[in-house]
Amino acid sequence: MDWHHYLGARMNQSPDFVRYLCSMAQSLEFSALDSRADQYTELGKQWESLFRGERNRIANLANVTAVLKSAFEWHWIGFYLVDFKEDQLVLGPFQGPLACTRLFHGKGVCAAAWDQKRPQLVPNVEEFNGHVACSSLTQSEMVLPIIVDDRVVAVLDIDSEHLADFSNEDLWGLIPLVDCIAEHWDQWE
Ligand code: SME
């Protein structure tokens, strides 16, 4: 049984919704053949619909990481969520190897995006002072903050095994995603 059928068989959702998700998964697989720019264009049209019908934050963020992993095959893709009580970043849904569970102000790329409220593009993690090396294979990294009502609620962290794997094209390609997540954030449970 392939995973589309597995998904359809296991999900307690309406047949229409299951069909919709399966067709989306197929189009995403197809888009894995396209250039990165084309993939961003294609994915940009679909984020809104990925969240249709589900209000659970973890479920939606988990599916985002799955979609990005299957489209781009980056080494590690995941969310760190702001733990407002502890004033730390705590590991959220991700795809890839085991990761650090907590990150702290002033240390690492995720914390820089959190502290500065700005995306971070790091072509060589070795040259980033204080980089937190959860995986020795990571060579370059990109982190985008998710900002709701002027405060960072989470960051999207993407790591590559290749040097200088990310550019402004990737940032612009993923900004619609983080904006879409930010718009939904408070409606999610
Ligand atoms: N690279 C991050 C730490 C998280 S792991 O890469 C998954 C950082 O320096 O913030």
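1. Start at the ligand: α6 gives the shell around the ligand its largest share, three residues. Helices here are DSSP runs of H or I with at least four residues, strands are E runs of at least two, and both are numbered from the N terminus. α6 (109-116) is joined by β6 (151-160), and each supplies at least two residues of that shell.

2. Keep in mind that this is a predicted model: local features need pLDDT of at least 70, side-chain atom pairs count only at pLDDT 80 or more, and totals for chains, interfaces and linings use all residues. Numbering runs from 1 along each chain as its sequence is written.

3. Back to the ligand, which has 15 residues around it, with G108, V109, C110, V132 and C134 coming nearest. "Around" means that the C-beta atom, placed from the backbone, lies within 6 Å of the ligand. By class, the shell holds nine nonpolar, three polar and three charged residues. Nonpolar covers Ala, Val, Leu, Ile, Met, Phe, Trp, Tyr, Cys and Pro; charged covers Asp, Glu, Lys and Arg; the others, Gly among them, are polar.

4. On confidence, the protein chain has a mean pLDDT (the predictor's confidence in each residue, from 0 to 100) of 87, and 83% of its residues reach 70 or more. Residues 1-12 are another matter, with pLDDT below 50. Where pLDDT is low, don't read the predicted coordinates in detail.

5. As for the fold, the protein chain has seven helices and six strands. Along the sequence they run α-α-α-α-α-β-β-β-α-β-β-β-α.

Notes:
Contact = placed C-beta atoms within 7 Å.
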